[in-house]
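Trainee: Could you take one part of this model and walk me through it slowly? I'd like to see how the side chains and the backbone fit together there.

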Amino acid sequence: MRPLAGLLRIGTLFLAVGWTLQREVSLHVSQPSVNATVAQNILLSVAYTCKGVPVIEWKHTAPWGTTKIVEWKPGTYTNISSGYRDRVNIYSNGSLQILNVAMRDSGYYLVTVMGEFGTTTYGTILLNVSEILYEDLHFVAVFFAFLTAVSAVLICLMWLCNKSLHLLQKERHQLKESATEETELQMMGC
């Protein structure tokens with residue numbers, strides 16, 4: 001019976017170690033999809049738990065390929081790729097902030113948290129970047145300015161026409177009065 005008890009203890013120990021290693025790293029992605037407009041600053045928010053100090057890595061995957069953004073071990077080293085050096089901030093919880101996003105930043109962001117004993121956990125966030133359509137707003141503003149100018153010109157023309165009409169009516173009235181006076185004078189025999 002003793003050899004069986006020893007095997008049982010060893011098996012239990014291996015199961016406990018295996019279970020501990022499996023739970024060494026966990027990762028929570030709070031927002032799996034982020035929408036942004038060009039020139040915004042965005043936060044790819046995650047939170048991890050780890051026994052020991054992990055290595056955290058962020059990669060950007062788009063139709064034209066995969067780019068490593070940053071890899072760091074909190075409190076030890078940080079390696080930010082040259083294309084992102086002035087555009088990213090990293091946080092102790094594993095989150096990544098990208099400054100001044102552009103259309104090329106759209107795509108999937110893969111975060112990898114690697115524990116000291118080799119356990120790895122992955123998370124993915126989809127970033128959709130859209131352009132602000134200033135052209136439409138510009139068109140509306142120009143069209144509104146054009147309509148305002150046309151209406152001002154039309155109002156001035158209407159005013160001129162009204163004044164001209166009043167002058168013409170005044171002249172006609174004066175002509176009628178003078179003609180009436182002449183007719184009366186002729187009738188009176190002067």
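Which side chains meet in a salt bridge with Glu 57 as one partner, and what is the N to O distance?

Mentor: Keep in mind that we're looking at a predicted model. The side chain you want is that of Lys 68: Glu 57 and Lys 68 meet in a salt bridge, with 3.4 Å from N to O. Now place the two on the backbone. Glu 57 sits in strand 5, which covers residues 55–62, while Lys 68 belongs to strand 6, residues 65–73, so this pair ties together parts that are 11 residues apart in sequence.

Let's check how covered the two ends are. Glu 57 has a relative accessibility of 11%, so Glu 57 counts as buried, the cut-off being under 20%. Lys 68 comes out at 35%, so Lys 68 is partly exposed.

Neither end stops at that one contact. Glu 57 also has a salt bridge with Lys 59, where the closest N and O atoms are 3.8 Å apart. With the cut-off set at within 4 Å, that is why the Glu 57 and Lys 59 contact still goes down as a salt bridge. Lys 59 is partly exposed, at 28% relative accessible area. On the other side, Lys 68 has a salt bridge with Glu 71, and here the closest N and O atoms are 2.9 Å apart. Glu 71 is buried, with a relative accessible area of 17%. Put these contacts together and you get a network of salt bridges linking Glu 57, Lys 59, Lys 68 and Glu 71. For the whole structure, the count of salt bridges is 4.

Now the backbone underneath. Strand 5 and strand 6 run antiparallel and are joined by 7 bridges. They make a hairpin, with 2 residues between them. If you'd like a residue to click on, try Trp 58: its bridge partner in strand 6 is Val 70.

Follow the chain onward and strand 6 has another partner. Strand 7, residues 77–80, pairs with strand 6 in the antiparallel sense, over 4 bridges. This is a hairpin too, with 3 residues between the strands, and Gly 75 in the turn has a positive phi of about 80 degrees. For a landmark here, take Trp 72, which stands opposite Thr 78 in strand 7.

For contrast, scroll along to helix 2, residues 134–188, where you'll find Val 153. Val 153 is part of a nonpolar patch on the surface, whose members also include Phe 139, Phe 143 and Trp 159, and the patch has about 1100 Å² of accessible area together. Val 153 itself is partly exposed, at 48% relative accessible area.

Two of the patch residues deserve a look as rings. The structure has 1 aromatic pair by the rule used. In that pair, the rings of Phe 139 and Phe 143 have their centres 6.1 Å apart and their planes at 10 degrees, so the pair is stacked. Both residues lie in helix 2, 4 residues apart, about one turn of the helix. Phe 139 is exposed, with 57% relative accessible area, whereas Phe 143 counts as partly exposed at 43%.

Notes
Residues are numbered from 1 along each chain as its sequence is written. This is a predicted model: local features need pLDDT of at least 70, side-chain atom pairs count only at pLDDT 80 or more; totals for chains, interfaces and linings use all residues. Side-chain values use heavy atoms; hydrogens and water are left out. Buried means under 20% relative accessible area, exposed over 50%, partly exposed in between (1.4 Å probe, protein chains only). Two strands pair if DSSP finds at least two bridges between them. Patches are made of residues with over 30% relative accessible area and no salt bridge: like charges are joined within 9 Å, nonpolar side chains (Val, Leu, Ile, Met, Phe, Trp, Tyr) within 5 Å. Accessible areas come from the Shrake-Rupley method with a 1.4 Å probe; for residues, only the protein chains shown count as cover. Rings of Phe, Tyr and Trp (its six-membered ring) pair if their centres lie within 6.5 Å; planes under 30 degrees apart count as stacked, over 60 as edge-to-face and the rest as tilted.
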